[in-house]
Amino acid sequence: MPAEILTHDWNKYRDTVIATGGVDRVIRTFDIRNPTGGPASIMMGHDYAVRRLAWSPHAADILLSASYDMTVRLWTDGSTMAANDSPAPVKPGLQLGVMNRHTEFVTGVDWCLFGVAGWVATVGWDERVLLWDANTMLQGRG
């Protein structure tokens, strides 16, 4: 059963899709056109609560998550992956990479809207702002 939700974000390319994350460490996406349908995808990998989410402004299936486990993770929600033969209605998301240079809780994450796609800024309780190039984790994808 889901626990307290701490964050959410609308998908920039699919305006009926929202992602949520929270205390249970699970990221879920939902299609608001089907409010009783449950999650469309589930992404698991954080060791502690998910504090912040941010959909990519450059790709419809890419999502960042920041957590109290001191990591920022890059995900695909699975929506662009080839369909498998599984009858399960919930698609598993796939973790594409982990950014783990913070030394305290990560509380914020955002994508750069300008210049080359893929730049990310994160902040944490360690009083640091870190810049990342998510493209290094997306290479070989596709």
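1. In this predicted model, β3 pairs with strand β4 (residues 41-44) in the antiparallel sense, and four bridges join them. Within this pairing, R28 stands opposite I42 in β4.

2. β3 (residues 26-31) also pairs with strand β2 (residues 17-22), again in the antiparallel sense, over five bridges. Here T20 stands opposite R28 in β3. R28 therefore has T20 opposite it in the β2 pairing and I42 opposite it in the β4 pairing, where two strands count as paired if DSSP finds at least two bridges between them. The link between β2 and β3 is a hairpin with three residues between the strands. R25 lies in that turn and has a positive phi of about 75°.

3. A separate point concerns the open sheet of four strands, with the order β5-β6-β7-β9 and antiparallel pairing. β5 (50-55) and β9 (94-99) stand at the edges; each has a single partner strand, so one side of each is left without a neighbour in the sheet. On average, neighbouring strands of this sheet are turned by 25° against each other, direction ignored.

4. Inside that order, strand β6 (residues 62-67) and strand β7 (residues 72-76) are joined in the antiparallel sense by five bridges. S65 stands opposite R73 in β7.

5. On aromatic contacts, the structure holds two aromatic pairs. F105 and W125 form a tilted one, at 4.7 Å centre to centre and with 55° between the planes. The angle counts as tilted because planes under 30 degrees apart would be stacked and those over 60 edge-to-face. This pair links distant parts of the chain: F105 is in the loop between β9 and β10 (106-111), W125 is in the loop between β11 and β12, and they are 20 residues apart. Y68 joins F105 and W125 in one aromatic cluster.

6. How exposed are F105 and W125? F105 is partly exposed, with a relative accessible area of 27%. W125 is exposed, at a relative accessible area of 55%. The cut-off for exposed is over 50%, and that for buried is under 20%.

7. V116, W119, V123, V129 and L131 make a nonpolar surface patch of about 500 Å². The elements that give two or more residues to the patch are β11 (119-124) and β12 (129-133). L131 lies in strand β12 and counts as exposed because its relative accessibility is 63%.

Methods: Residues numbered from 1 in each chain as written. Predicted model: local features only at pLDDT ≥ 70, side-chain atom pairs only at ≥ 80, totals over all residues. Heavy atoms only, no water. Patch = residues over 30% accessible without salt bridge, like charges linked within 9 Å, V, L, I, M, F, W, Y side chains within 5 Å. Areas by Shrake-Rupley, 256 points an atom, 1.4 Å probe, with all protein chains shown as cover. Salt bridge = Lys/Arg side-chain N within 4 Å of Asp/Glu carboxyl O. Buried < 20%, exposed > 50% of the residue type's maximum accessible area, 1.4 Å probe, protein only. Axes fitted to C-alpha atoms, helices over the stretch in contact; angles between N-to-C directions. Phe/Tyr/Trp six-rings, centres within 6.5 Å; stacked < 30°, edge-to-face > 60°.
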